[in-house]
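This briefing goes through selected local features, grouped by topic. Please keep the sequence and the structure at hand while reading.

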Amino acid sequence: EIAYGVISFTNWLDRFDLESGQPMGPLPFTNWPMLCRFDVSGERLLVGGGNRAAQVWDWQRGETIGPVLPHEDQLMAGTFLPGTPWVVTGGHDGAVRFWDPQSGLPIRPSLTWPSWVLSLDVAPGRRTLIACGHVGNAIGLIDLDKALPQPTLLPEAAVLLAEIDSGAEVRIGGGLTMLSQAEWLAKWQAFRRAYPDYPSHRLNP
């Protein structure tokens, strides 16, 4: 499947099944789509453009997920942040903005870029956001560990995470018991089920 942006007065994104070549129905868009980016699962699509906003879509259903994510000028760049439910967007207003697309709320203050933001991407296997600008061919690196808020865990989840990190079970009243490989894996899987959006780089098996 592929999303094809039509930059014209028709203002839509055409969807096609690559195997059959058959259309899957358009995604309506209000003004000149210029950004199309899938998440790693291929289920969510980030779209932005001349309407000065971005929005996340459920690709299969053809429905929006959450409200629009506004900018003050045309939106040119954006990507999903791996290991989180969040997205980052940028455009002609020179702002790099971090969002919770479900609520439409920013997760931190925006970063000011010295020019148009033309491209945003996350370096593979690293916690670095790469931003490319218009003036002076500017390329910047943003440390996501410092830029993003840290997740808040319930007390029982914090204990489970400590056990995963240490490889030992924390016993009430004190004392530690080393975990077998199967016990450790069971705790790791339980944590991932309970906290699927916890940054994966902080929970490496």
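Is Thr 79 buried or exposed? In this predicted model, Thr 79 counts as buried because its relative accessible area is 4%, and the cut-off for buried is under 20%. The points below cover the surroundings of Thr 79, the strands E8, E9 and E10, and a residue in helix H3.

**Thr 79**

- Thr 79 belongs to strand E8, which spans residues 75-80.
- A polar contact of 2.9 Å links the side chain of Thr 79 with the side chain of Arg 37.
- Arg 37 also appears among the residues in contact with Thr 79 once neighbours within four places in sequence are left aside.
- The other residues in that set are Leu 46, Val 87, Val 88, Leu 120, Asp 121, Val 122 and Leu 129.

**Strand E9**

- Two of the contacts of Thr 79, Val 87 and Val 88, are residues of strand E9, where they sit on opposite sides.
- Strand E9 covers residues 87-91, and 5 of its 5 residues are buried, so the strand is largely enclosed by the rest of the structure.
- One side of E9 carries Val 87, Thr 89 and Gly 91, while Val 88 and Gly 90 are on the other; these residues are all buried, and both faces are thus covered.

**Pairing of E8 with E9**

- E8 and E9 run antiparallel and are joined by 5 bridges.
- Within this pairing, Leu 75 is placed opposite Gly 91 of E9.
- The two strands form a hairpin with 6 residues between them, in which Gly 83 has a positive phi near 80 degrees.

**Pairing of E9 with E10**

- E9 also pairs with strand E10 (residues 95-100), in the antiparallel sense and over 4 bridges.
- Here Gly 90 stands across from Val 96 in E10.
- The hairpin of E9 and E10 has 3 residues between the strands, and Gly 94 in its turn takes a positive phi of about 75 degrees.

**Lys 187 in helix H3**

- Helix H3 runs over residues 181-194 and includes Lys 187.
- Why does Lys 187 count as buried? Its relative accessibility is 19%, and the limit for buried is under 20%.
- Not counting residues up to four places away in sequence, Lys 187 touches Leu 160, Glu 163, Ile 164 and Leu 179.
- The C-alpha atom of Lys 187 is 8.5 Å from that of Leu 161, and the two residues are 26 residues apart along the chain.

Methods:
Residues are numbered from 1 along each chain as its sequence is written. This is a predicted model: local features need pLDDT of at least 70, side-chain atom pairs count only at pLDDT 80 or more; totals for chains, interfaces and linings use all residues. Side-chain values use heavy atoms; hydrogens and water are left out. Buried means under 20% relative accessible area, exposed over 50%, partly exposed in between (1.4 Å probe, protein chains only). A polar contact is a pair of N or O atoms within 3.5 Å; within protein, one must be able to donate a hydrogen and the other to accept it, and residues adjacent in sequence count only if both atoms are side-chain atoms. Contact means heavy atoms within 4.5 Å. Two strands pair if DSSP finds at least two bridges between them.
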